[in-house]
Amino acid sequence: MHSEDSPAIADTEQSTGSKAAVVPSQYLFPFILVTTLFALWGFANDITNPLVRAFKEIFLISNAQSSLVQWAFYGGYATMAIPAALVIRKVSYKSGIIIGLTLYAIGALLTIPASMMMDFNVFLVGFYVLTFGLAFLETTANPYILSMGPRETATQRLNLAQAFNPMGSLTGMIVASTFILPGLQVADFRASELAAHPEYATMLPSEVDGLITVAMEEHAVAEPEARQAMMAHDLDVVKTPYVVIAFIVLAVLVLFVVTKLPDTGHEEEEIHIAVLMKNLLTNWQYVGGVIAQTFYVGAQIMCWTFVIHYGMTLVGLSASQAQNANIVAMIIFLVSRFICTFILKFMQPGLLLGILAIGGGLLTAGAIFLQGMTGLYCLIGVSACMSLMFPTIYGIALNGLSPNDAKLGSAGLIFAIVGGAFMPRYQGAMIDGEGMTIAGQALESVRVSFFLPLICFIVIAIFGFSVYLLRRKQAAPVIAS
C-alpha cells in the first residue's frame, strides 16, 4: 500500500521544548538507506495500476479478467500482512528488510518468463510474490525509522522518510505514462483505427472504444501471426521496467547485506493470539475501522485504476493521456494531505473523515452523472478527499488500544488492503456489463461501475460521523439530578 497512506504515529509524550535531533548523526546513514525503501514500494504500487487497461488490450480479455492484476497485487499484501508482522517480531529489522527485498526482486523478475511465455497468469503470480516483499518492507521500515532516535522526534522522522514515497509513486506513474503506454503497439493500432475512420469523430467515445475492441479481435483472427508479434513486443515493453527495478532492488539488497545496521531491538515478548483477537474483535471502534479501511482502499484503487478506462471510454483520451490524469490526481492527493493535516489541528478526526467521505461521494456522483471532461475532473478531484482517509481511519481504529493489542491491530489494518484486491474485480465486471438509465439519463457501463466507490464513501462517512458523535457524547458533561 502507498506509504503516503501510512499513518503518522503520534507521540503523545512529546516535549514541546525539546531540541533533540530528528535523525541523530549515528543513525544518519542507516536512516538514508532505509528511506530508499519508501520510494521503492511507491514505484511498484503506481506502475502497476495502468496495466489493468494495458493487459485488457494486449491479451484481449474482459475488464473483469484484467482487474485480476489488482486482485493479485493487493491480495499479496493481504496474505502476507499478519505473517510478516509475526515474523518481524522474532527477527531483526535488517533480516525483515532482506526478506522483503528478496521477494520483491523475485516477483519483479517473474515478468521475464511471463513475457516469454506470453502468459497472463504468470504475470499475476509475479505481482503476488512481489507484494509479499512489499508487505515485509512496509511492516519493517516504519517501526525501524521510528526507532532510529529520540522518541520525541519519532513522528518527524517518519514523516521525513515518507516524503520519499511519493517520489517513487510519481516515478512509477511517469514511467507508465511516457514509456509503457505510448510504447505499446496496441496503442498504435488504436491510433491507426481512429485515423482510418474519420466518422468516429462524430460518435460517442464509448461507442468508438467498443468498435476498436472489435477491430482488435477481428485482427487477431485474421492475422494471428501479426497479433502474436504485437503481443510479444508489448509484453517486452511491460517487462522492461520491472526487470530494471529488480536489479535496482538487488543492488539495494546487497547494500543492506554488507552494511552494519544498528539493532534497535525487536519484540521478544510472547504473544497470545487468541486473547489479542478477542480484545480486538470486541472493540467496535477497531472492527469498524478495519471495515472502513477495507472500503477506503477499495475506493482508492478503483478510482486510480479505472480513471484510465473513464478517460479512454467516455472522454476519448489515449491511454497515456488518461494516465496523465492519474498523475494530476496524485499531485492533488499530496497537496491535500498537507492541507487536511493542518485542518486536523482544529477538527475531530471522525468529523473530518465524515466530511471528506461526503465530499468524495459527491465528486464520485459527479463522475457518474456529468458528461465529458467535467466528469473526469470530478473523478480526479476525488483524490483530494481521499488524501487523509487511510491514516485517519488507522489512528481512530487503534486509539485507546494497549501497545500489545495495537501491534496485531496494526497488521489487521494492513490486511484491510484486501479491499483493493476484490473491489476492482467487481468494478471490472460491471464495466463488462450493460449500462442503465437513471432519471431519464442513459449511463454507460463505465459510469455505472463508479457506484461502487460511491457506496464505499457512504460506508466511510457512516463510520466517521459515528465515531465523532460517540466521542462528543462521551465528552458531554454529566448534569447531576
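**A buried salt-bridge network around helix α2**

Colleague: What makes Arg53 and Glu57 a salt bridge?

Modeller: A salt bridge is a side-chain nitrogen of Lys or Arg within 4 Å of a carboxyl oxygen of Asp or Glu, and the side chains of Arg53 and Glu57 meet at 3.0 Å, N to O, so the pair fits the definition. This is a predicted model, in which local features need pLDDT of at least 70 and side-chain atom pairs count only at pLDDT 80 or more, while totals for chains, interfaces and linings use all residues. Residues are numbered from 1 along each chain as its sequence is written, and side-chain values use heavy atoms, with hydrogens and water left out.

Colleague: How are Arg53 and Glu57 placed in helix α2?

Modeller: They are four residues apart in that helix, and therefore separated by about one helical turn; a helix here is a DSSP run of H or I with at least four residues, numbered from the N terminus.

Colleague: Why is Arg53 called buried?

Modeller: Buried means under 20% relative accessible area, with a 1.4 Å probe and protein chains only, and Arg53 has 4% relative accessibility, so Arg53 counts as buried. Glu57, with a relative accessible area of 7%, is buried too.

Colleague: How do you know that Arg53 forms a salt bridge with Asp209?

Modeller: The closest N and O atoms of Arg53 and Asp209 are 2.7 Å apart, which satisfies the cut-off for a salt bridge. Arg53 lies in helix α2 and Asp209 in helix α11 (residues 205-222), so this pair ties together parts that are 156 residues apart in sequence. Asp209 counts as buried, at 9% relative accessibility.

Colleague: What makes Arg190 and Glu57 a further case?

Modeller: Their side chains meet in a salt bridge at 2.4 Å, N to O, and the pair links Arg190 in helix α10 (residues 185-196) with Glu57 in helix α2, 133 residues apart. Arg190 is buried, with a relative accessible area of 9%. Salt bridges that share partners join Arg53, Glu57, Arg190 and Asp209 into one network.

Colleague: Why is Lys56 not given a salt bridge?

Modeller: Lys56, in helix α2 (residues 51-58), is buried, but the nearest side chain of opposite charge, Asp209, is 5.3 Å away, so the pair does not come within the salt-bridge limit.

Definitions and conventions:
Helices (H or I, at least four residues) and strands (E, at least two) are DSSP runs, numbered from the N terminus. Buried means under 20% relative accessible area, exposed over 50%, partly exposed in between (1.4 Å probe, protein chains only). Lys and Arg count as positive and Asp and Glu as negative; His and the chain ends are not counted.
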